[in-house]
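This report covers selected local features of one protein model. It deals with single loop residues and with the packing of one helix.

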Amino acid sequence: MITAIASRVEVMKWMEDFVHEKMTEFLKSVEDSWQPADLLPDARMENFFEEVKNLQERARDLSYDLLAVLVGDTITEEALPTYESWLMSIKDLPTNEESPWMKWNRAWTAEENRHGDLLNKYLYLTGRINMREMEASTQYLIADGFDLQTDNDPYRAFVYTSFQETATNLSHRRVAQIAKKQGDGMLAKLCGYVASDEARHAKAYKAFVGKIFEADPNEMMLAFEDMMRKKIVMPAHYMRELGVDMGKTFGHFTDAAQRINVYTALDYTDILRDLVKEWKLETVTNLNDAGERARDYLTALPDRLKRVAERMKAPQLEYKFRWID
């Protein structure tokens with residue numbers, strides 16, 4: 001632990017050895033990683049068309065809302081260039097190419113890149129998706145960018161990624177469970193692989209925040225409070241379809257996710273509660289008055305949000321996405 005931190009620059013520099021040590025725990029080497037080709041029909045094989053036919057037969061019974069959520073998840077995963085450029089723009093991170101932080105960003109991006117490739121190819125093979133419409137939505141999302149309200153601050157950014165990667169893990173895990181119930185074991189397997197990656201990434205960002213709490217507890221507490229007052233928005237909140245105003249598509253996507261219990265307001269509350277517990281907020285010391293008030297706000301917030309979430313009703317209005325024929 002270090003004391004009298006003058007700036008976030010020093011904290012990030014101090015953490016470099018920790019990030020380096022944790023790389024092999026939280027990320028896998030290319031040699032040890034699965035690739036989309038390992039999990040999908042191989043076009044080089046004589047039984048390729050038979051396997052695709054079987055895949056399409058399994059996918060035929062997937063519900064409309066599940067397909068909509070899967071397409072939205074895929075578009076989110078495929079907007080990866082936006083997320084990498086966002087991480088690279090965070091102030092106070094060392095920018096030396098050999099810095100553990102830069103190595104982390106590149107390796108994290110490389111792992112995440114497989115997710116969109118895998119899900120895109122699966123959706124293409126199902127024959128149930130208007131791929132041009134989906135591809136246009138992905139192009140929109142990358143071109144439009146996003147505003148995560150982290151102010152290019154590493155403390156706020158790592159609160160965001162801790163929350164978002166946990167939510168992504170949950171979403172892919174739930175899609176896998178529903179797909180299995182609807183008879184598509186292959187899709188369940190694919191989403192399970194993606195969820196496993198997201199779980200490791202969530203652990204990494206949670207560990208980063210935990211380390212910052214050791215070095216700069218007051219500023220870290222204030223950053224956490226600020227992010228929760230703003231509310232955590234998902235990275236695809238600007239998602240849209242051709243001919244549809246920005247924001248409307250994402251709203252319908254989240255409605256579908258709530259209807260089938262993939263990701264709900266209660267899940268948001270549960271993730272926050274887990275982060276408060278993970279970072280042991282109640283035992284954090286060396287806080288000033290503002291830090292103490294921030295902690296009081298954060299520890300009370302899950303119960304407040306839960307009461308609101310329990311009164312919310314799942315949206316019933318169905319929407320016809322341009323992605324799905």
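I232 counts as buried in this predicted model, because its relative accessibility is 8%, and the cut-off for buried is under 20%. The residue sits in the loop that joins α11 (217–230) to α12 (248–259). Apart from neighbours within four places in sequence, I232 is in contact with Y160, F163, M227 and Y268. E219 precedes I232 by 13 residues along the chain, and the C-alpha atoms of the two are separated by 19 Å.

K231 is found in that loop between α11 and α12 too. With 53% relative accessibility, K231 counts as exposed, since the cut-off for exposed is over 50%. Its phi is near 80°, a positive value in a residue other than glycine. N152 also has a positive phi without being glycine, with a value near 55°. The loop that holds N152 runs between α8 (131–144) and α9 (154–181). N152 counts as partly exposed, because its relative accessibility is 30%.

The accessibilities of these loop residues are listed below.

| Residue | Relative accessibility | Class |
|---|---|---|
| I232 | 8% | buried |
| K231 | 53% | exposed |
| N152 | 30% | partly exposed |

The next topic is α2. Which residues of α2 are buried? They are E16, F18, V19, M23 and F26. These residues lie on the same side of α2, because they cover an arc of only 150° around the axis. The face turned away from that buried side carries the exposed residues D17, H20, E21 and T24. Among the elements that cover the buried residues of α2 are α1 (8–14), α7 and α10 (185–215).

Two packed helices are described by the angle between their axes and by the distance between those axes. For α2 (residues 16–26) and α7 (residues 100–126), the angle is about 25° and the axes are 9 Å apart. The two helices are therefore roughly parallel, as angles under 35 degrees count as such. Their crossing is left-handed. On the α2 side, the contact is made by E16, V19, H20, M23 and F26. On the α7 side, the residues met are P100, W101, K103, W104 and A107. Sorted by class, this contact of α2 with α7 holds seven nonpolar residues, one polar residue and two charged residues.

E16, V19, M23 and F26 thus appear both among the buried residues of α2 and in its contact with α7. H20 takes part in the contact with α7 as well, but H20 is one of the exposed residues on the face turned away from the buried side.

How values were computed:
Residues are numbered from 1 along each chain as its sequence is written. This is a predicted model: local features need pLDDT of at least 70, side-chain atom pairs count only at pLDDT 80 or more; totals for chains, interfaces and linings use all residues. Side-chain values use heavy atoms; hydrogens and water are left out. Axes are lines fitted to C-alpha atoms, for helices over the stretch in contact, and angles run from 0 to 180 degrees between N-to-C directions. Helices (H or I, at least four residues) and strands (E, at least two) are DSSP runs, numbered from the N terminus. Angles under 35 degrees count as roughly parallel, over 145 as roughly antiparallel, 65 to 115 as roughly perpendicular and the rest as oblique. A crossing is left-handed if the near helix is turned anticlockwise from the far one by less than a right angle, and right-handed if clockwise. Contact means heavy atoms within 4.5 Å. Ala, Val, Leu, Ile, Met, Phe, Trp, Tyr, Cys and Pro count as nonpolar, Asp, Glu, Lys and Arg as charged, and the others, Gly among them, as polar. Buried means under 20% relative accessible area, exposed over 50%, partly exposed in between (1.4 Å probe, protein chains only). The arc is that of the directions from the helix axis to the C-beta atoms.
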